[in-house]
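This report covers one protein chain. It takes up the fold, the overall dimensions, the nonpolar cores and one loop residue.

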Amino acid sequence: MYRTRNATDAEIPLMADHWYRMACEMCEIDDMPKPDIRRIEEVKSLFIKESEAGQLMFRVALDESDQIAACAGGLLRTEYPYPLAKEQSLFGWVISVYTLENHRHNGLASTLTDEVCVWLKQNGAKRARLWSSSTGRSVYEKNGFKPMMDMTKPLL
């Protein structure tokens, strides 16, 4: 029914559009300010730059008519694994996981996340991180992700 593949260079700007939609939904679910639509061009430029540098890769799921139904990205970053760590290490970020509404509950987010994690590992990352909405956590926990240091509390 669905097949997956790497996104093409021409599809990278579409991944930024999906990122924006995903960010809007996350903010609505968890009652946070929506992202600024005016920054979408910055995100597109950043995605293209990181992709050209080999630091970013997207996987997409295609439906029966070869239309993109879902996406997930993998971003390589060297950073400190925790505050006051002695040295930086290579991390993989799973980003922009988004499934169009009429294709949800088919396991696409899980499949694409797994495929992105394979790419991250093949490129030297020892750990994958992601930000999730509160409702998405169960999907990622089933894929082996565990909560870390980041917690939030609304200050009303």
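From the N terminus on, the elements run β-α-α-β-β-β-α-β-α. That comes to 4 helices and 5 strands. Helices (H or I, at least four residues) and strands (E, at least two) are DSSP runs, numbered from the N terminus. This is a predicted model: local features need pLDDT of at least 70, side-chain atom pairs count only at pLDDT 80 or more, and totals for chains, interfaces and linings use all residues. Residues are numbered from 1 along each chain as its sequence is written, and side-chain values use heavy atoms, with hydrogens and water left out.

**Overall dimensions**

The radius of gyration of the chain is 16 Å; this agrees with the value near 15 Å for a compact globule of 156 residues. The radius is taken over C-alpha atoms, and the globule rule is 2.2 Å times the number of residues to the power 0.38. Along its principal axes the C-alpha trace spans about 50 × 40 × 35 Å.

Buried residues make up 40% of the 156. Buried means under 20% relative accessible area (1.4 Å probe, protein chains only). The accessible surface is about 10,100 Å², and carbon and sulfur atoms hold 53% of it. These areas come from the Shrake-Rupley method with a 1.4 Å probe.

Contact means heavy atoms within 4.5 Å. Among contacts between residues at least 6 apart in sequence, 64% join residues at least 24 apart.

**Nonpolar cores**

A nonpolar core is a set of buried Ala, Val, Leu, Ile, Met, Phe, Trp, Tyr and Cys residues joined through side-chain atoms within 4.5 Å. The largest has 21 residues; Met15, Phe47, Leu56, Phe58, Val60 and Ile95 touch the most other members. The elements below each supply at least two residues of this core.

| Element | Residues |
|---|---|
| Helix 1 | 12-29 |
| Helix 2 | 40-52 |
| Strand 2 | 56-62 |
| Strand 3 | 68-79 |
| Strand 4 | 89-99 |

Helix 1 gives the most, with 6 residues. Leaving aside neighbours within four places in sequence, Met15 is in contact with Phe47, Phe58, Val60, Ile68, Cys71 and Ser96. Apart from this core lies another, of 18 residues. Trp119, Ala125, Leu130 and Phe145 are among its members.

**A loop serine**

Serine 133 sits in the loop between strand 5 (128-129) and helix 4 (137-142). Is serine 133 buried or exposed? Its relative accessibility is 9%, so serine 133 counts as buried. Beyond neighbours within four places in sequence, serine 133 is in contact with Met26, Ile29 and Asp30.

Technical notes:
Buried means under 20% relative accessible area, exposed over 50%, partly exposed in between (1.4 Å probe, protein chains only).
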